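Here is a friendly walk through one protein model, written to be read with the structure open beside you. Let's begin with its rings and work outwards from there.

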Amino acid sequence: MACAASAAVATVGLAVSPAAAAPATTTQAEPGGACTAADLGTRHPYIKSSEVTPTITHFKGWYVTEGSTGTQSVNTSVQTTISVSVGLTGNVEGSFEFETLGKVGASLGLNVQVNYTSTSSTSTSVTWNFRNPGYYGLYKGTKKVTGTYGSLNCNRVQQGDGSWALKWIEGADTGSYTTFTTLEEGAVRCEDKVPANSIMRKAQDLLDCGSATATAKHPAGPVPSAKAAKAGHEAEKAAKAEKSVKATGSPAPATRAALDCQPAVYKIDVPGKPLNWSAPLLANDGIRLRESNWTSAHLDNWRLCNVTERNGVIEASLWNWGNGGCATVPADIANQEQAYLTTATCGEDDLQRFYIYRDVPGSSKIGVQNKYTGFMMGHDRYADGELIRQYSSGRQDGTGTYTLTGV
């Protein structure tokens with residue numbers, strides 16, 4: 001793996017002088033608010049947009065005659081399935097996802113789902129007491145909540161007087177979320193007066209009031225609704241398209257022969273302690289905390305390659321001198337909380353790209369975030385051989401803050 005020094009990125013200017021360890025405390029994350037070096041390895045969500053849409057999940061048109069009033073259980077058909085998801089991975093298992101959905105509910109004043117779940121994908125029954133004959137729509141529905149989120153990360157910001165401070169800034173990663181409120185069920189007729197933009201109104205729309213089907217006399221029992229069938233097909237088509245996009249979201253990386261690497265070589269240390277990131281010798285192993293000694297064989301030496309900088313945040317590939325690979329999160333476990341970090345053949349892959357958040361000049365403390373997953377790097381405990389892992393919100397105890405030490 002050729003690592004050529006690039007003058008074009010040499011102006012990034014990473015400070016490598018030692019600084020006193022910051023206390024492992026976190027602060028309330030607010031845009032522009034103060035943070036500490038312990039927060040460099042953390043992230044918090046903020047809600048950028050929200051949309052609430054009444055949605056029918058199950059529906060059945062049902063005709064009631066004079067002789068068929070009273071309580072009946074009607075088997076409804078699936079209209080659409082709503083799954084709770086946050087980000088590209090589509091799952092909800094980490095603290096960042098829980099916090100995101102919690103903020104959605106708080107900002108809208110709604111009780112939304114904050115765990116991974118979905119509405120039923122099979123037919124379910126609705127039991128209803130029909131007091132009058134007529135054409136009814138039996139339904140189950142909810143309010144679907146969708147939108148986008150951003151992340152707040154701690155990074156150095158230059159003040160108007162030229163000094164530097166650590167503040168919560170808008171991070172480079174964004175994503176979308178989907179959740180829903182409590183399910184409700186009921187029955188509605190064309191002649192019923194119902195609130196606009198309500199779940200009941202959505203069910204009434206599926207009755208296709210005014211059509212020949214809706215105005216005709218029918219025997220007691222189910223009445224097919226062409227409008228409901230069309231809406232169901234469209235929802236199914238959209239769900240398949242979304243699933244296809246997620247399945248192909250991280251293609252195999254294209255390998256490359258050379259990287260533009262900065263000439264400086266670094267160790268990624270635990271601040272004030274001897275253990276640092278060490279790349280694996282074996283392909284099925286991960287990057288671990290190790291103490292540098294004569295057996296390290298440059299596995300603890302890293303270079304920043306293909307470096308760019310936007311709004312004070314560095315993006316780079318982490319090339320290891322010892323095994324010639326680039327740091328990456330394995331693609332098959334990239335959606336998992338606490339997936340381990342390893343190295344692989346360098347390629348054009350966002351799983352091999354990392355954002356680096358920096359302390360104020362004079363300090364070499366950093367936080368590291370994977371570009372594709374948005375997760376922050378950290379470790380479970382300080383111990384020789386401990387794997388470096390990804391955490392959706394980072395390590396809130398400050399153990400996700402590292403030191404970039406020039407060697």
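Four aromatic pairs are found in this structure, which is a predicted model. In one of them, Phe96 and Tyr149 meet edge-to-face, with 5.6 Å from centre to centre and 65° between the planes. This pair ties together distant parts of the chain: Phe96 belongs to helix α1 (residues 95-108) and Tyr149 to strand β6 (residues 134-158), 53 residues apart. Are these two rings buried or exposed? Phe96 has a relative accessible area of 2%, so it counts as buried. Tyr149 is buried as well, at 6%.

Another edge-to-face pair is made by Phe130 and Tyr136, whose ring centres lie 4.9 Å apart with 75° between the planes. Phe130 is buried, with a relative accessible area of 1%, and Tyr136 is buried with 7%. Here are the two pairs side by side.

| Aromatic pair | Centre to centre | Angle between planes | Geometry |
|---|---|---|---|
| Phe96 and Tyr149 | 5.6 Å | 65° | edge-to-face |
| Phe130 and Tyr136 | 4.9 Å | 75° | edge-to-face |

Ring pairs also link Trp277, Trp302 and Tyr402 into a cluster.

Some rings have a charged partner too. Which residue places its charged end over the ring of Phe96? That is Arg43, at 3.6 Å from the ring centre. Since Phe96 also pairs with Tyr149, you can look at both partners in one view.

A second arginine, Arg156, lies over the face of Trp164, 4.9 Å from the ring centre. Trp164 is part of strand β7 (residues 164-180). With a relative accessible area of 36%, this tryptophan is partly exposed. Beyond four places in sequence, Trp164 touches Arg156, Val157, Gln158, Gln159, Val360 and Pro361. The C-alpha atoms of Trp164 and Asp359 are separated by 9.1 Å, although their positions lie 195 residues apart along the chain.

Now for the nonpolar interior. The largest nonpolar core has 31 residues, and those with the most contacts inside it are Trp277, Trp302, Leu304, Leu318, Leu341 and Ile388. Two of these names, Trp277 and Trp302, will be familiar from the ring cluster. Which elements give two or more residues to this core? They are β12 (266-269), β13 (275-278), β15 (302-310), β16, β20 (354-358), β21 and β24 (401-406).

Leu318 is a good residue to click on here. Leaving out neighbours within four places in sequence, Leu318 is in contact with Ile268, Trp277, Trp302, Arg303, Leu304, Gly325, Cys326, Ala327, Gln352, Phe354 and Ile356.

Buried polar and charged residues are worth a look as well. Glu315 sits in strand β16 (residues 313-320), and its relative accessible area of 13% makes it buried, because the cut-off for buried is under 20%. What do the side chains of Arg353 and Lys371 do around Glu315? The side chain of Arg353 joins that of Glu315 in a polar contact of 3.0 Å, and the side chain of Lys371 makes one of 3.1 Å. Apart from residues up to four places away in sequence, Glu315 touches Asn306, Val307, Thr308, Arg353, Phe354, Tyr355 and Lys371.

Asn370 is found in strand β21 (residues 365-370), and it counts as buried because its relative accessibility is 0%. Where does its side chain reach? It comes to the backbone nitrogen of Tyr372 at 3.0 Å, and to the backbone nitrogen of Thr373, also at 3.0 Å. With neighbours within four places in sequence set aside, the contacts of Asn370 are Val329, Asp350, Leu351, Arg353, Phe354, Phe375 and Met377. Arg353 and Phe354 thus appear among the contacts of Asn370 and among those of Glu315.

Finally, step back to the whole protein. Its secondary structure comes to four helices and 24 strands. Of its 407 residues, 48% are buried. The protein exposes about 18,400 Å², with carbon and sulfur atoms supplying 52% of that area. Among contacts between residues at least 6 apart in sequence, 70% join residues at least 24 apart. The Phe96 and Tyr149 pair, 53 residues apart, is one link between distant parts of the chain.

Note on methods: Residues are numbered from 1 along each chain as its sequence is written. This is a predicted model: local features need pLDDT of at least 70, side-chain atom pairs count only at pLDDT 80 or more; totals for chains, interfaces and linings use all residues. Side-chain values use heavy atoms; hydrogens and water are left out. Buried means under 20% relative accessible area, exposed over 50%, partly exposed in between (1.4 Å probe, protein chains only). A polar contact is a pair of N or O atoms within 3.5 Å; within protein, one must be able to donate a hydrogen and the other to accept it, and residues adjacent in sequence count only if both atoms are side-chain atoms. Contact means heavy atoms within 4.5 Å. Rings of Phe, Tyr and Trp (its six-membered ring) pair if their centres lie within 6.5 Å; planes under 30 degrees apart count as stacked, over 60 as edge-to-face and the rest as tilted. A charge sits over a ring if NZ of Lys or CZ of Arg is within 6 Å of the ring centre and within 35 degrees of the ring normal. Accessible areas come from the Shrake-Rupley method with a 1.4 Å probe; for residues, only the protein chains shown count as cover. A nonpolar core is a set of buried Ala, Val, Leu, Ile, Met, Phe, Trp, Tyr and Cys residues joined through side-chain atoms within 4.5 Å.
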